[in-house]
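Hi everyone, thanks for coming along. Let me put the structure up on the screen, and then we can walk through it together.

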Amino acid sequence: MGRARGAAGFVTYVRSMVSAMDSDAHGRGKAGAARRLAGYSALAGLLSALLVLPLACVAGVGARDSAEWLLTEPVDLGDLATPQRSTILAADGSLIATFYRQNRVDVPLAKVAPIVAKAVIAIEDSRFYEHGALDLKGTLRALASNMGGSSGPSPQGGSGITQQYVKNLLYVNAESDAERQDAVETTPGRKIRELRYAIAIEERFAKDEILEKYLNVAYFGDGAYGIEAASRRYFSVPASKLSLNQAATLAGVLKNGNLYNPRRNPEGAVKRRDLVLDRMAELGVLDAATAAKEKDRPLKVKITETKNGCTESKAAFFCDYVQREILTNKIFGKTPEERERLLWIGGLTIRTTLDWKVQNAARKAILRHVPAKNRDGKAAAQVLVEPGTGEIKGMDVGRDLGPDQERGKTWINFAADASHGTSIGMAAGSTFKAFTLAAAFHEGVPIGERITAPSGYAPSGFKDCKGRDVSDTKVLTNSSDGAGGKSFSLLTGTWNSVNTFFLLLEKRVGLCDTVKMAKKLGIRRADGKPLQEFASFTLGFNDVSPLRVAAAYAAFGARGKYCEPIAISRINRADGKSIPVPKADCEQVIDKGVADAVNHVLSGVFTKGTARGLGIGRPAAGKTGTVDNYSAAWFAGYTPQLASAVWVGDPRGGYRHPMTNVCLPTHCGGPVFGASIPGPIWRDTMGPALSGSPAGRFYRPPSMFFRKGSGEDNVKMPDVRGMSIDAAIKRLSAMGFDVKVGDHEYSPRYKEGQVMATDPAPGASIDPGDPAITVTLTISKGRDPHHTPDLPPPPDHDSAWPNSPWEVP
């Protein structure tokens, strides 16, 4: 009884103090602040006297110091923030995936329908704009309850919006179960702790700012944190479009996000909504008739699922690559824990390099040739990189991202290195021959240089970069997609992919120089270990990823400029500030002329080599790759605008499950070569991916790479008759020819000023290495004055030069 009477006296005394404090709740001047702080100080002393034991235990201070402690701003207040969801976006700004631990999107109060604030204040804290950090009535009830011996709050609760915001803020920033439990425990100590933060927040922020923060931190059930996520979750509208009925429903959910969940418990949600509407009418926010009308309305819920992570993304493996880039790259944080927090709660907007046109073309092409659930268990992976920028435009594995035990799914990103997809890589086969070719050109070997390649060859005289002998006694032979036993030039040896030819070429330029060339072009093992250096390096036994091969071939397309592949173009935090991202660090690693020579040779693979018939109607270059024992097959190809590498194999292991006698939609029976399935995937991707974009061109290699008189390096003279002088000169000059204008003559077929003849004639076979050749143009003067009858024009001048990779687009 005595304690109860003491409590009553205490309440009477405190009422006058808090009333004075409430009168200054909006005062932002020095005088108002001083009066408010004085009131808090006096109240803090009283609270300390009554709650000295729990306060001392929880806060670690004695009653004598409690007032000072209560009024001191917590040192971590500025560090507390609400977890935000991060989004990964394509290059065009469209959504790829969302990452969150709490589905939340902060919005300013101005983007929340005004009726929401009215509904929330009415049911949660009707005196919010009148009191300071403490709601007098609620606090007195809580204190009286504590003094009566109860450690929990009264049924009505005693916390206002500011203290509710504090409780939620401390909870969402908790990093352990113990901290989360501490944030919600129903003890006097927690109340005092919340009050301390509430006092600091009331001093730091205006009332509207506090309300905004509360609406963004509060939990609305069903995994929706904050008013924006809740409105989109339950009603599929932004918070700015919420109706009165919807606002009242969400305001009601705040009391208990599980009990009043509109999806799981619509009856409970309606009862709580009606209570909110009645309270709004009681306070004069609504008239009784409006409240009654709204209560008669049925609850209409329209659920929107917010997907979390990459598994349901339309670009799942690219998404997974971006995720792993953030989680493994120290540019995003010193420790794995820092990087994980940044991605999952940092509210990042991650703009990537993904081009949906390219991505969708890659996905469609892979699934057409290697369906995700094919009966042979085969898989395919493809990466597309932009030459000159290193930007990854597309990446796909042709399966769904998920447990490997489920048919048609895998967690392994076969397109990327182990650090970005747990794949240890795959042997790349003859795609590595391009690096030996580049090394040869780097050392000045001419295109027409001939080497007699035997049918079998035991490599001898090979030394690695440490000078160690790495010769092999095993006889290496030519696969059935190449030939041997005769003399080949760099052109024909490449077009026919002759193993023994490239082993001898590698021996000539040096194994170490070949390895160094590959490294210059970004090639490294997928498992992160050093490249293995043996005589058969040029045959592609090192396990690499399609990403690395695509980036290397992109360097050829960019005339020798290598760019480290990148998937992220920029990242902004929730506050709009940008953070550093990995750079492509583009560098000219080989001479342009060397790259031009490689392009010249590899472009012939489509017309005279192992990829005949796989052209895409524009200048392109590439190389097939068939791995030893048909354990896998590759194709790497490029244009000046886009490079791609395709792998097709068996995730269970290519040597145990080789690419022989497989039956897939476009190939059934027999072994799989680089041109059998990977090449068509490449073709069916690149065509749609580049449709509508101007065709680029390759450049004619310097004359030093051509050997006069070999004949096999010749090109056909294009037909420029009927063109203007300028157009003809532009076209021929782009091919590397010297051009001069010769005589002007009358012509019954061509208009005045048009080219009427050339020397050499159209279709002539010309050795581009012959400096004596200059193309001479004869120009029409029109019809002669003797009225020679008109003749029909000749066939289209492009007909003599179909699909040339050297012509001006």
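Let's begin with a question: what percentage of the 809 residues in the protein chain do buried residues make up? Buried residues make up 54% of them. Please keep in mind throughout that this is a predicted model.

A few more overall numbers will help you find your way. The protein chain has 24 helices and 29 strands. It exposes about 34,000 Å², and 51% of that comes from carbon and sulfur atoms. As for contacts with a separation of 6 or more, residues 24 or more positions apart account for 72% of them.

Now to a sheet. Five strands make up an open sheet, in the order S7-S6-S22-S21-S20, with antiparallel pairing. At the edges we have strand S7, residues 392-396, and strand S20, residues 621-626, and each of these pairs on one side only. From one strand to the next, the twist averages 5°.

Let's look at one pairing within that sheet. Strand S21, at residues 632-638, and strand S22, at residues 643-649, are joined in the antiparallel sense by seven bridges. If you would like one bridge to look for, take tyrosine 638, whose partner in S22 is alanine 643. Helix H23, residues 678-690, packs on this sheet and touches S6, S21 and S22. The direction of H23 makes about 35° with that of S21. There is another helix to look at here: H16, residues 356-369, lies across S7 and strand S6 (379-385), and runs at about 25° to S7.

While we are here, look at the loop between S20 and S21, where you will find tyrosine 630. Is tyrosine 630 buried or partly exposed? With a relative accessibility of 23%, tyrosine 630 counts as partly exposed. Its C-alpha atom is separated by 5.3 Å from that of methionine 659, and the two residues are 29 residues apart along the chain.

Next, strand S29, at residues 774-780. Why can we call S29 largely enclosed by the rest of the structure? Because six of its seven residues are buried. S29 has a parallel partner in strand S26, residues 738-745, with six bridges joining them. S29 also runs antiparallel to strand S27, residues 755-759, and four bridges join that pair. Threonine 776 in S29 is a good place to look: it is the bridge partner of lysine 740, and also of aspartate 759.

On to the aromatic rings. The structure holds 20 aromatic pairs. One of them is phenylalanine 441 with phenylalanine 705, an edge-to-face pair with 5.2 Å from centre to centre and 75° between the planes. This pair links distant parts of the chain, 264 residues apart: phenylalanine 441 belongs to helix H17 (residues 433-442), while phenylalanine 705 is in the loop between H23 and strand S25 (715-716). Phenylalanine 441 is buried, at a relative accessible area of 1%, and phenylalanine 705 is buried too, at 2%.

Another pair is phenylalanine 534 with phenylalanine 541. Their ring centres are 6.0 Å apart and their planes are at 45°, so this pair is tilted. Phenylalanine 534 is partly exposed, at 41% relative accessibility, and phenylalanine 541 is partly exposed as well, with a relative accessible area of 25%.

Some rings form a cluster through ring pairs: Phe432, Phe435, Phe537, Tyr553, Phe556, Tyr638 and Phe698. You may remember Tyr638 as the bridge partner of alanine 643.

Rings also meet charges in this model. Lysine 213 has its charged end over the ring of phenylalanine 205, 4.6 Å from the ring's centre. Lysine 781 lies over the face of tyrosine 746, at 4.2 Å from the ring centre.

One last stop: arginine 524. Where is arginine 524 found? Arginine 524 is in the loop between helix H20 (511-520) and strand S15 (543-544). It is partly exposed, with a relative accessible area of 38%. Which residues is arginine 524 in contact with, leaving aside its neighbours within four places in sequence? They are Asp417, Leu531, Val544, Arg548 and Glu564. For valine 544, the C-alpha atom is separated by 6.6 Å from that of arginine 524, and the two are 20 residues apart along the chain.

That's my tour, and I'm happy to take questions.

How values were computed. Residues are numbered from 1 along each chain as its sequence is written. This is a predicted model: local features need pLDDT of at least 70, side-chain atom pairs count only at pLDDT 80 or more; totals for chains, interfaces and linings use all residues. Side-chain values use heavy atoms; hydrogens and water are left out. Helices (H or I, at least four residues) and strands (E, at least two) are DSSP runs, numbered from the N terminus. Buried means under 20% relative accessible area, exposed over 50%, partly exposed in between (1.4 Å probe, protein chains only). Contact means heavy atoms within 4.5 Å. Two strands pair if DSSP finds at least two bridges between them. Axes are lines fitted to C-alpha atoms, for helices over the stretch in contact, and angles run from 0 to 180 degrees between N-to-C directions. Rings of Phe, Tyr and Trp (its six-membered ring) pair if their centres lie within 6.5 Å; planes under 30 degrees apart count as stacked, over 60 as edge-to-face and the rest as tilted. A charge sits over a ring if NZ of Lys or CZ of Arg is within 6 Å of the ring centre and within 35 degrees of the ring normal. Accessible areas come from the Shrake-Rupley method with a 1.4 Å probe; for residues, only the protein chains shown count as cover.
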